[in-house]
Amino acid sequence: MHRIAYYRVSTGDQSIEAQRAALGGPFDQEFADEGVSGSIPAAHRKGFGDLLAKVRSGDALHVYAVDR
């Protein structure tokens with residue numbers, strides 16, 4: 001089992017570092033999308049698409065909030 005984190009920030013007042021600190025860690029892998037609106041489907045975001053290619057059954061996925 002791997003611990004995987006996903007971060008998404010869409011505006012300048014949001015911070016991946018703040019999300020990382022809130023989630024704790026450590027993580028085996030981290031994926032992120034910066035400056036990407038929530039109106040873009042998740043599977044069309046580069047970081048999320050990369051995550052989907054790597055995550056496997058049994059892995060634990062950590063996100064700061066469901067809307068991320």
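Helices here are DSSP runs of H or I with at least four residues, strands are runs of E with at least two, and both are numbered from the N terminus. With that settled, select Ala18, which is found in helix α1. Keep in mind throughout that this is a predicted model.

**Stop 1: Ala18 as a starting point**

Show the side chain of Ala18 and turn on a surface. Ala18 is partly exposed, with a relative accessible area of 45%. Now add Ala60 and draw a distance between the two C-alpha atoms: Ala18 and Ala60 are 20 Å apart in space, and 42 residues apart in sequence.

**Stop 2: the sheet**

Switch to cartoon and colour the strands. What is the order of the strands in the open sheet? Reading across, you get β2-β1-β3, three strands with parallel pairing. β2 and β3 stand at the edges and each has a single partner strand, so one side of each has no neighbour in the sheet. Look along the strands and you can follow the twist: neighbours are turned by 20° against each other on average, if direction is ignored.

Zoom in on β1 and β2. These two strands pair in the parallel sense over six bridges. For a landmark in this pairing, pick Ile4, which stands opposite Gln29 in β2. While the backbone is on display, here is some background: strands of a sheet pair through backbone hydrogen bonds, either parallel or antiparallel.

**Stop 3: helices over the strands**

Bring the helices back in. α1 lies across β1, β2 and β3, and runs at about 145° to β1. α2 also lies across β1, β2 and β3, running at about 155° to β2.

Stay with α2 and show its side chains. Which residues of α2 are buried? Select Gly47, Phe48 and Leu51. They cover an arc of only 95° around the axis, which puts them on the same side of α2. To see what covers the buried residues of α2, show β1, β2 and β3 (60-63), which are included in that cover.

**Stop 4: one aromatic pair**

Keep Phe48 selected and add Tyr6, both of which are buried. A search of the whole structure finds one aromatic pair. The rings belong to Tyr6 and Phe48, with centres 5.1 Å apart and planes at 80°, so the pair is edge-to-face. Tyr6 sits in strand β1 (residues 3-9) and Phe48 in helix α2, so the contact ties together parts that are 42 residues apart in sequence.

**Stop 5: the salt bridges**

Hide the rings and show the charged side chains. How many salt bridges are there? The count comes to three.

Begin at Arg20. Its side chain meets that of Glu17 in a salt bridge, 2.3 Å from N to O. Glu17 and Arg20 are three residues apart in helix α1 (residues 16-23), which means about one helical turn separates them. As background, an α-helix has 3.6 residues a turn, so residues three or four places apart point the same way.

Now swing the view to Glu30. The side chains of Glu30 and Arg20 meet in a salt bridge too, at 2.8 Å, N to O. That pair links distant parts of the chain, with Glu30 in strand β2 (residues 29-34) and Arg20 in helix α1, 10 residues apart. Select Glu17, Arg20 and Glu30 together and you have a network of salt bridges. Buried or exposed, or in between: where does Arg20 fall? Arg20 counts as partly exposed, at 26% relative accessibility. Glu30 is partly exposed as well, with a relative accessible area of 35%.

Then jump to α2. Asp50 forms a salt bridge with Lys46, and the closest N and O atoms are 2.8 Å apart. The two are four residues apart in helix α2 (residues 46-54), again about one helical turn. Check the surface at both ends: Asp50 is partly exposed at 32% relative accessibility, whereas Lys46 is exposed, with a relative accessible area of 61%.

**Last stop: a cis peptide bond**

Finish in the loop between α1 and β2, the place of Pro26. Show the backbone from Gly25 to Pro26: the peptide bond there is cis, with omega near 0°. For context, most peptide bonds are trans.

Note on methods:
Residues numbered from 1 in each chain as written. Predicted model: local features only at pLDDT ≥ 70, side-chain atom pairs only at ≥ 80, totals over all residues. Heavy atoms only, no water. Salt bridge = Lys/Arg side-chain N within 4 Å of Asp/Glu carboxyl O. Buried < 20%, exposed > 50% of the residue type's maximum accessible area, 1.4 Å probe, protein only. Phe/Tyr/Trp six-rings, centres within 6.5 Å; stacked < 30°, edge-to-face > 60°. Arc of directions from axis to C-beta. Contact = heavy atoms within 4.5 Å. Pairing = 2+ DSSP bridges. Axes fitted to C-alpha atoms, helices over the stretch in contact; angles between N-to-C directions.
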